[in-house]
Amino acid sequence: MSTSHSHSLEGNAHGTTSTRKVAVSSGIGATIEAYDFIGYGTAAALYFSHDFFPSSDPLTGTLLSFATLGVGFAVRPLGGVIGGYLGDKVGRKPVLVASLILMGLATFFIGLLPTYETVGIWAGILLVLVRVVQGLAYGAEWGGAILMTYEHAPWRSKGKYTGIVQSGFPVGLLLANLVFLVSVHLPGTWAWRVPFLLSIILVIVGLVIRSKVPESPVFEEVKARGEIVKNPITQVLRDDWRNILRGIGLRVAETAGYAVAITFMLSYLKTEHLADNTLTLTAICVASAIGIFATYNWGKATDKVGRRPIYLFGTLVMVVFAFPMFLLVNTGVAVLIVIAVVIAYAVCQNSLAGAQGAWFPELFNANTRSSGASMAYQFSAVVSGFTPFVVTLLYSAWGWMGAAALFGFYGLVGLVATLVTQETFGPVERAAAVAEDETMRVAA
């Protein structure tokens, strides 16, 4: 099993000349992927329950809507396996381009789908099919984007540069909800169709940018040394299954916690008449705008103190904040609702996401890294994808306290996973990275 901490000290110590370009292009691609995938979550919470399913029972419609959201998450592990395998066999870059094309076409097609009123049950079936394609594409995307950036970055700044990529998520969240904030005033189904149709513009821009980035230098070194393994999936499962399980636990806290605090919260605020769509979307826009800088700085902070301390902080805040979060939104006071969403997102979720960008790649060897990191990252999606469905059931049985308890539980899972996962950029690695920079400075 690869328990060595030296994975953070491989490749060029000072990075490549394309480091910044790769980080920005990967971040833009991540933004597009997030816009597409998150836009679905927003639409599922606000519109799909009555446009794609029978409207006789609002709770049933909400459950079915969130179930289709979960389908996309359920197939993300398969996307991660396929993307990870190809990333280790043929390179990180081809996976980036292919996943973006697939995601873009699927998202655009959602904007063209007929509703339940038009075609009956086929509306929901078509929605599920498109959601499956979305999930496969999103599952394949993250590993390629994060590894391209990580493997181009200098030893001393891997958290910083992967933080740029991870910041693509809140950028996509912001763009998606800004579009929905404007489109909410459009008549009929155009309120949700327009955001999906507009995504095609972002996809074209992303393809142009991603086609120009160079392949990962670490992958090229692995290829040159003849170390590409016959089947990276079976090898990483045999040698690194413990780190995959640890990564799943780490990731569950972040992504499933988001599903409660953001995705479910959209529906909760509406159902309880605590906030209208405009206020809810505004709160998320404020949180995501702050989250762009928060995610980047959380990632950058891991270069100073290590990956593990940031994760410990974030998961502890999740456990402590679970019940106060709902107490704040239950007041119905706009400013308190915004504060609750900002803390849940910019502190709890973003601190974990910011640390993941560098920590996950460092848990695996270079020749199986794409497979290992992708599986650790995406298998948690099975839990997080169906969390809105589960939390809705808990809410129907025990009210908001059931939802709060689930959020706190996810934080506890992440806390335990953090405690059993080794630090990969501790004092020794940080000192070595600083020494290399100093050597280069003196030589210059």
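**Exercise 1.** Is Arg 92 buried or exposed in this predicted model, and with which side chain does Arg 92 meet in a salt bridge?

*Solution.* Begin with accessibility: the relative accessible area of Arg 92 is 0%, and because buried means under 20%, Arg 92 is buried. Turn next to the partner, which is Asp 88, whose side chain meets that of Arg 92 at 3.1 Å, N to O. Asp 88 in turn has 3% relative accessibility, so this residue also counts as buried. Finally, place the pair in its setting, where Asp 88 and Arg 92 belong to a network of salt bridges that also links Glu 10, Glu 151 and Arg 369.

**Exercise 2.** Determine how the salt bridge of Arg 307 is placed with respect to burial and to helix 13.

*Solution.* The side chain of Arg 307 meets that of Asp 303 in a salt bridge of 3.0 Å, N to O. Arg 307 has a relative accessible area of 0% and is buried, while Asp 303, at 9% relative accessibility, counts as buried too. Helix 13 covers residues 307-329, and Arg 307 is among its buried residues, as are Ile 310, Tyr 311 and Phe 321. The cover over these buried residues includes helix 7, helix 11, helix 12, helix 14 and helix 18.

**Exercise 3.** Where does the kink in helix 13 lie, and what end-to-end reach does this helix have?

*Solution.* The kink, of about 55 degrees, lies at Phe 321, shortly before the proline Pro 324. From its first C-alpha to its last, the helix of 23 residues reaches 31 Å, which is close to the 33 Å expected at 1.5 Å a residue.

Conventions
Residues are numbered from 1 along each chain as its sequence is written. This is a predicted model: local features need pLDDT of at least 70, side-chain atom pairs count only at pLDDT 80 or more; totals for chains, interfaces and linings use all residues. Side-chain values use heavy atoms; hydrogens and water are left out. Helices (H or I, at least four residues) and strands (E, at least two) are DSSP runs, numbered from the N terminus. The expected span of a helix is 1.5 Å times one less than its number of residues. The bend at a residue is the angle between axes fitted to the seven residues ending there and the seven starting there. Buried means under 20% relative accessible area, exposed over 50%, partly exposed in between (1.4 Å probe, protein chains only). Contact means heavy atoms within 4.5 Å. A salt bridge is a side-chain nitrogen of Lys or Arg within 4 Å of a carboxyl oxygen of Asp or Glu.
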